[in-house]
Amino acid sequence: MSRPAAFAFLSLIAAPAAAQTRHDTNAPIDFGADHIELQDRANRAVLAGNVKVRQGAMTLTAQRMTVAYTGQVIGGNPQVSRLDASGGVTVVRPDQTARSQFGVYDLNRRVITMLGSVRLTQAGNTVNGGRLTINLDTGRAVIDGSSVAGGGTGSGGTTTQAPNGRVTGTFSVPKRN
């Protein structure tokens, strides 16, 4: 792809993301799961089975999620600092859906990082890669072809990499007469 074509492609993907309204990272986090285990001494909760988390207009789903909290309680609620998700992770925002094997939502930095077989779809455009970072303050989404080690236990993990370590995709073009 030539440099001007690559720039046009990136503009198509980035422009709608930047135009999105800012995500309300102060909104309460509602969750549901088939099972929850509270680990108070470790300041975390483990949610398993059909996990669904909603904050404002954003929904995050996965098969398993660890919720880390600071130990500080405000208004009777523990202060959540990070969500680590695995197993069919999906993040849905207005006009944007991202899917991957693993995801981390760092509430302090207001950043979501998705890893392993990432697919981002937005307004008819699709981009595939190894890692996606979404800045919830700016709406900026950056995807690259990085490989990701994970899965399994011990040293028997698998490695997932975007095809040829590159970002690939399809973008729509306007209908012309």
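Asp84 counts as partly exposed, since its relative accessibility is 26%, and in this predicted model its side chain meets that of Arg82 in a salt bridge, with 2.9 Å from N to O. Arg82, the partner in this pair, is likewise described as partly exposed, with a relative accessible area of 36%.

**Salt bridges**

The pair of Asp84 and Arg82 belongs to a wider set, for a search of the whole structure finds four salt bridges. The table gives three pairs, including the one just described, with the N to O distance for each pair.

| Acidic residue | Basic residue | N to O distance |
|---|---|---|
| Asp84 | Arg82 | 2.9 Å |
| Asp106 | Arg109 | 3.9 Å |
| Asp144 | Arg131 | 2.8 Å |

In the pair formed by Arg109 and Asp106, the two side chains meet at 3.9 Å, and their surroundings can be described one residue at a time. Arg109 counts as exposed because its relative accessibility is 55%, which is over the cut-off of 50%, whereas Asp106 is buried, with a relative accessible area of 16%.

What is the distance between the closest N and O atoms of Asp144 and Arg131 in their salt bridge? These atoms are 2.8 Å apart, and because Asp144 lies in strand β9 (residues 141-144) while Arg131 lies in strand β8, the pair ties together parts that are 13 residues apart in sequence. Asp144 is partly exposed at 22% relative accessibility, and Arg131 is partly exposed with a relative accessible area of 33%.

**The chain as a whole**

The strands named so far are part of a chain that has one helix and 12 strands. When the chain is read along the sequence, its pattern is α-β-β-β-β-β-β-β-β-β-β-β-β, so that the helix is followed by the strands. Of the 177 residues in the chain, buried residues make up 35%.

One of the buried residues is Arg93, which has its place in strand β5 and has a relative accessible area of 5%. Arg93 counts as buried because this value is under 20%. In sequence Arg93 and Gly56 are 37 residues apart, while in space their C-alpha atoms are separated by 9.4 Å.

**The largest pocket**

Strand β5, where Arg93 is found, also contributes to the largest pocket, which has a volume of about 700 Å³. This pocket is lined by 23 residues, and those closest to its centre are Ile29, Asn77, Pro78, Gln79 and Val80. Which element gives the largest share of the lining of this pocket? That share comes from β5, which supplies five residues, although β1 (29-32), β2, β3, β4 and β5 (77-93) each supply at least two. By residue class, the lining of the largest pocket divides into 15 nonpolar, seven polar and one charged.

**The cavity**

Apart from the pocket, the structure holds one cavity of 30 Å³ or more, and the volume of the largest cavity is about 30 Å³. Elements giving two or more residues to the lining of the largest cavity are β3 (44-55) and β4 (58-74). The residues that line the largest cavity are Val53, Arg54, Gln55, Met58, Thr59, Leu60, Leu83 and Tyr105, and they divide into five nonpolar, two polar and one charged.

**A nonpolar patch on the surface**

On the surface, Phe31, Ile36 and Leu38 form a nonpolar patch, and together they have about 320 Å² of accessible area. Within this patch, Ile36 is found in strand β2 (residues 35-39), and Ile36 is partly exposed, with a relative accessible area of 40%. Because a patch is made of residues with over 30% relative accessible area, the value of 40% for Ile36 meets that condition.

**Two residues with positive phi**

Two further residues are described by their backbone angle. Ser117 is not a glycine, yet it has a positive phi of about 50°; Ser117 lies in strand β7 (residues 111-122) and counts as partly exposed at 43% relative accessibility. Ala123, which is not a glycine either, has a positive phi of about 45°. Where is Ala123 found? Ala123 is found in the loop between β7 and β8 (125-135), where it is partly exposed, with a relative accessible area of 42%.

Methods: Residues are numbered from 1 along each chain as its sequence is written. This is a predicted model: local features need pLDDT of at least 70, side-chain atom pairs count only at pLDDT 80 or more; totals for chains, interfaces and linings use all residues. Side-chain values use heavy atoms; hydrogens and water are left out. On a 1 Å grid over the protein atoms alone, a cavity is a set of points where a 1.4 Å probe fits but cannot get out, and a pocket is an open set with protein on both sides within 12 Å along at least five of seven lines; lining residues have an atom within 4 Å of a point. Grid points are joined across faces, edges and corners, and a volume is the space filled by probe spheres set on the points. Helices (H or I, at least four residues) and strands (E, at least two) are DSSP runs, numbered from the N terminus. Ala, Val, Leu, Ile, Met, Phe, Trp, Tyr, Cys and Pro count as nonpolar, Asp, Glu, Lys and Arg as charged, and the others, Gly among them, as polar. Patches are made of residues with over 30% relative accessible area and no salt bridge: like charges are joined within 9 Å, nonpolar side chains (Val, Leu, Ile, Met, Phe, Trp, Tyr) within 5 Å. Accessible areas come from the Shrake-Rupley method with a 1.4 Å probe; for residues, only the protein chains shown count as cover. Buried means under 20% relative accessible area, exposed over 50%, partly exposed in between (1.4 Å probe, protein chains only).
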